[in-house]
Each structure stands twice: as C-alpha cells, then as structure tokens.
Amino acid sequence: MRNVAPMVAAGLIGLSSLAFVSCGGGGGGASVVPTPVPTNPSNVVSVIVDAGPNGPNNSSVNTLYTTVTVCVPGSTTSCQTIDHIQVDTGSYGLRLLASVLTLSLQGTMASNGNSLVECTQFVDGYSWGPIALADIQVGEETAASVPVQVIGSSTFATVPANCSATGTAEDTVAAFGANGILGIGVFEQDCGSGCAPSTTVDNSANGFYYSCTAASVCVGTTVALNSQVLNPIPLFTTDNDGSILVLPSVTAPGTTTLTGSLIFGIDTQSNNASGSETILAVDGLGDFTTVFNSQTLTQSFLDSGTNGTFFDDAALTLCADPNFKGFYCPAGSQPFTATLMGTNNTSITEPFTVDNAQTLATNNPTFTVLPTLAGTFSTASSSNTSNTFDWGLPFYYGRRVFTAIENQRTAVDTGPYVAF
Amino acid sequence: VGALLVALVPRLACAALGEPESSIAGDLQHLKGSIKSTVRSNYRVHEIQLPSGTVLREFAAVGGNVFAIAWSGPAIPDLRQALGRYFDVYVTAAQAKQGTRRHLLIEQSEFVMQSSGHMRAFSGRAYLPQALPPGTSVDELR
C-alpha cells in the first residue's frame, strides 16, 4: 500500500477550488466557508452543478462535476488533480482531455504489440485517443493501474476513416463541456464482450478499439475485458459495488449552482445502506422500461450525463427559437406522470414537470440548475417515434439514486440495477 | 494495411440512403454484416447484423431507392457508409451542437435524423421524408 498522504493533500486543493467556484457563482446566497474541513467519511466526494470549465458565456446546464486525481501507476508524486470532471452514470470509465493532462501516462498495447487507441462513440460524434494506465483517486477511494482514455492526444492525431465515419470529433474541452468524464454506470467495461476476443466470432471490427502503429496506421482489434477502459468503482479496494448520488431538491425555475455528494459503495458503510428504495433491475444494455402516454419505451435509462428530461410527446409545444431547438416550450408549466418498470417487474410512478426552456434560460441567465428543462428526440409532426425515455440529471435532484454495478452483490440484490 | 485503405475508397461510393436498393450489397460487404430481408406492404426491409452486435435496417421502395435507415445496439454503425451523400449534412448539423451528447435531432425538408442512447446502447434512424412510399408511417421506420 503506497502512502496516499500527498494525494489527499492534492485532493483538498481540488475541493477548495470547487468550493470557490460555488461561492463565486453566487449559489443560493449561502454563507462562504473559506477553508474546507475534511469531515466527510472516506467514501464521499463532493459534486457540483455549475457553469463548467468554459466559463459563464459558454455555460453548461444541469451538468454534474467532481474532482479526480490521477497518478502515474505506483507513484505518489507524479500526480495531477483535475477539476470539472463530469460525473456520468450513462458511461463507463475515466476519460481525460489531453489538453488538460500535464502528467505523462504510459500507453497500453493491443495484442499485436501496437498501441491501443479508442474511438469512443457519442450520439453526435466521437472522441479519439489512446488508452493509458493511471492510478485513480476520487475522494479517498483509490484504484490502481486502471485503463483510461486520453482524448485528443497529439500522439495519434490521424483518425481512422471508420472512426470519423461516426460523426464529428469531440476532443476539446470546449466541445466536451468538461475536462474529462468519470463513467460510473452499471457496467464494468466501456464495451464488454462485443470487443473481447471470441472463439466463435471475429470481434475485431467492433468500432471502438484499434491497434495503431507509431505512424497512426490503425486497424480494428479485440481487447480483453480487463484491458478495456474500466469503470473504476469495482477496482476500488473498498466500497466497490456501486455508488449513490445525493443531490438536494431544487424548486423551479432553479438556482445558480448546486452541491451534493457522490457516495461510493452500497451497504458497505453506515452512510450508504439500502433502505426502502425501489429497485429497478436493468437489461443487458443498461436499460429499463418507461410507460408514458400509453407508450411502452423499452430503451429507457437514468443518466446523470444528460442535461434534461428527454422524451417524445407530440402534443407538447417545441421551442421555435433555433437556439432552443429540440427543447420543449409549453405556454405554462406542464405536469406529467410516467411509470418506470425494471426487468424485475418492479414499477414506480414518477411525477415530473416541464417548463418553457426558452423562458427558463432567458429569465434566469445565471442559473445552471434547471430542474424542469426537457426536450424531444424527434419532431412535433411525428408521435411515438423513439423507444426511449431518458431521465437526465433533473431526475437526480432531491433524492438518493443508487447505481449497483453488474456482478456486484449488495445487501438487497445483485447488480446491474438502479434504485431510488 | 495500405491495400485495405485503398480498397475502402471506391466502396464509399456504394452508399445506401438515397441510393438504389442494389447498393445495399455494397453496405453488406463494407460493413462485414449478415443480412435478412423481409417484404412489407410497399417496401422491403434489409436487416444487417453487424459484427459489433448492432442491427442496421435499410428500408427500400420496391424497385426503388433506400429511403430510410435505422439502427439499434451497442455501437453506432458506419454512418459515412450508411448515410452516403447525407453524411456531410449530418456532420455539419452535429457540429452546430444542440442539446447533449445523448441525443441528436436534425430536421431538414429532405433529410431527418434522430439519434439517441448512451454508451453500449444506441438507437437512431435517418430518412428522406419526400421519398417515403405512399402510406408509409414514420413510426414504422425503426
């Protein structure tokens, strides 16, 4: 066990800067506490919704951040603490933007001895960059020698055609709205068995992983499960079966900033015990079913990385202003209910409210927390077109949301599941 | 590897959306998938099972052109291949970012694209509204 004291100190610097950002943003008129006191249990890290790393003129909305320390594996001195890492229950693994990473991390190799590089897919584009090993510290939890992605590295600047074919590049802090992403959803790997070697099928054209020569000539490759980019939580030495996001409730229209906690572990300490929460088991894609407006939407999910509540309702007015394209702009507050159903046949009814997105933003230009912000996947002219209800960060406001990771057993069930 | 890159270039011409139904064979070869075709009332659906585990469906008017594609699964398909000449429209619109990384909505008079999902679970579709066979509902295109 290495000495973690210097890393803890580095972590406190990060927390201090987070607190400053919170106060600087004028959050809720709370009194200023200049010196953070490390009273938290060791499995808790502070999280914040604020304008993000691109400043007030290019502010993020409903985007949750924390601070992460990465170190060269085994080192207690070659470390870097990075703030404004997005907390994302809709992805798996840590990704850092090369432009903010000052640490030199050792890249990993594909099975053919060339460098392992990943094309991470997002709905509107991709992030290209090599896989490297890092020790990860979040709060006081540590995971040793974890594969992470370094996005936008100059070492492999040439993107293979099959990767760029998925859309537009997202490899800068400006495009990302964060200095990195901490993926802590229900799965252990970012791709899983579809990218792993198989005796029955050729998985080399998986679209995610490539082996690249120094000259950036890349071909698709399989990667063993434990060499893929990994959700760090199962690799923590303790509190490694999942996490709980705890955020205060927010009344509409919202507030400037919001601070809460990310608690690691479920049923491992007194502060993360399961209680009377409803457990929704999720399927092999990480999804459950939402019943809304008589539609049964089987590809529904909870996602702290989505900045609103997203669903299709042809009767709800969309914003006409192109700056708010895809968001709803009803004349007044619209109340709804939906039913969430897990694959374990447990269900729970959820009320929610949609407000006019343009009014929310225009009347509250300093707010980064907008609990009634909602949008659509499709168009007003076509109903019932998506199979998805995406419960974004607003769902997390005002409750404790448990995310239990696959293959991990808590006191009440085995992951993958979500509970609240 | 060099030969592979060269070989890819001419095949990019065999794009699907807006191209003749026969171009689907080019998709199949390029995407290394297996195919299953079914006939509906006024169009055919070609379902391509991709190596990634994702299913790509291409909707073609009988004897006509591909008017829609839809996909669902753990990875987004090769959209340059599947969208063909509309790929640049998609990229330009995606760069003018709206919403979040979890959804994309492009709505133009001749091209509509919707894409959503999260890591390991994507779905989406693109279609040409003016090319839909008469009587075809957008809801069928999934």
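**Hairpin in chain B**

I opened with strand 3 and strand 4 of chain B, which form a hairpin with four residues between them. In the turn I found B:Gly63 with a positive phi of about 70 degrees. I keep in mind throughout that this is a predicted model.

I then looked at how strand 3 (residues 55-61) of chain B pairs with strand 4 of chain B: the sense is antiparallel, over six bridges. To have a pair to click on, I noted that B:Phe59 stands opposite B:Ala68 in strand 4 of chain B.

Strand 4 of chain B also pairs with strand 7 (residues 121-127) of chain B, in the antiparallel sense and over six bridges. Here my marker is B:Ser72, whose bridge partner in strand 7 of chain B is B:Ser123.

How many of the eight residues of strand 4 of chain B are buried? I get seven, so I wrote down strand 4 (residues 66-73) of chain B as mostly covered.

**Helix 4 of chain B**

Next I went through helix 4 (residues 87-95) of chain B and listed its buried residues: B:Phe87, B:Tyr90, B:Val91, B:Ala93 and B:Ala94. Looking down the axis of helix 4 of chain B, I see these buried residues fall within an arc of 170 degrees, so they line one face of the helix. The general rule helps here: an α-helix has 3.6 residues a turn, so residues three or four places apart point the same way. On the other side of helix 4 of chain B, I find B:Asp88, B:Thr92 and B:Gln95 exposed.

What do the buried residues of helix 4 of chain B pack against? In chain A I noted strand 6 (125-138), helix 2 (161-164) and strand 8 (168-169). In chain B the list is helix 3 (79-83), strand 5 (103-107) and strand 6 (112-118).

**Open sheet in chain A**

I moved on to an open sheet of seven strands in chain A, with mixed pairing and the order 19-18-15-16-21-17-20. Strand 19 (347-354) and strand 20 (374-375) of chain A stand at the edges, and each has a single partner strand, so one side of each is left without a neighbour in the sheet.

I checked the pairing at one of these edges: strand 17 (residues 309-310) and strand 20 of chain A pair in the parallel sense over two bridges. Across that pairing, A:Thr309 stands opposite A:Ala374.

**Loops of chain A**

I looked up two cis peptide bonds, remembering that most peptide bonds are trans. One joins A:Ala252 and A:Pro253, with omega about 5 degrees. I place A:Pro253 in the loop between strand 12 (242-247) and strand 13 (258-264) of chain A. The other runs from A:Gly415 to A:Pro416, with omega near 10 degrees. A:Pro416 sits in the loop between strand 22 (399-404) and strand 23 (417-419) of chain A.

That loop between strand 22 and strand 23 of chain A also holds A:Asn407. Its phi is near 70 degrees, a positive value in a residue other than glycine. I have A:Asn407 down as exposed, with a relative accessible area of 57%.

Is A:Gln408, in the loop between strand 22 and strand 23 of chain A, buried or exposed? A:Gln408 is buried, because its relative accessible area is 16% and the cut-off for buried is under 20%. Leaving aside neighbours within four places in sequence, I list its contacts as A:Glu188, A:Pro234, A:Asn240, A:Asp241, A:Asp413, A:Thr414 and A:Gly415.

I logged a positive phi for A:Asn293 too, near 50 degrees. A:Asn293 lies in the loop between strand 15 (288-292) and strand 16 (295-302) of chain A, and it is partly exposed at a relative accessible area of 43%.

**Cavities and a distance**

My search of the whole structure turned up three cavities of 30 Å³ or more. The largest has a volume of about 110 Å³. Its lining counts 13 residues, and A:Thr89, A:Val186, A:Gly286, A:Leu302 and A:Val418 lie nearest its centre. I sorted the lining of the largest cavity into eight nonpolar, five polar and no charged residues.

Last, I picked A:Thr359 in helix 4 (residues 357-363) of chain A, which counts as partly exposed at 38% relative accessibility. From A:Thr359 to A:Asp202 I noted 157 residues in sequence and 52 Å in space, C-alpha to C-alpha.

Methods: Residues numbered from 1 in each chain as written. Chains lettered and ligands numbered in written order. Predicted model: local features only at pLDDT ≥ 70, side-chain atom pairs only at ≥ 80, totals over all residues. Heavy atoms only, no water. Buried < 20%, exposed > 50% of the residue type's maximum accessible area, 1.4 Å probe, protein only. Arc of directions from axis to C-beta. Contact = heavy atoms within 4.5 Å. Pairing = 2+ DSSP bridges. 1 Å grid on protein atoms, 1.4 Å probe; cavity = no way out; pocket = protein on both sides within 12 Å on 5 of 7 lines; lining within 4 Å. Points joined across faces, edges and corners; volume = space filled by probe spheres on them. Nonpolar A, V, L, I, M, F, W, Y, C, P; charged D, E, K, R; others polar.
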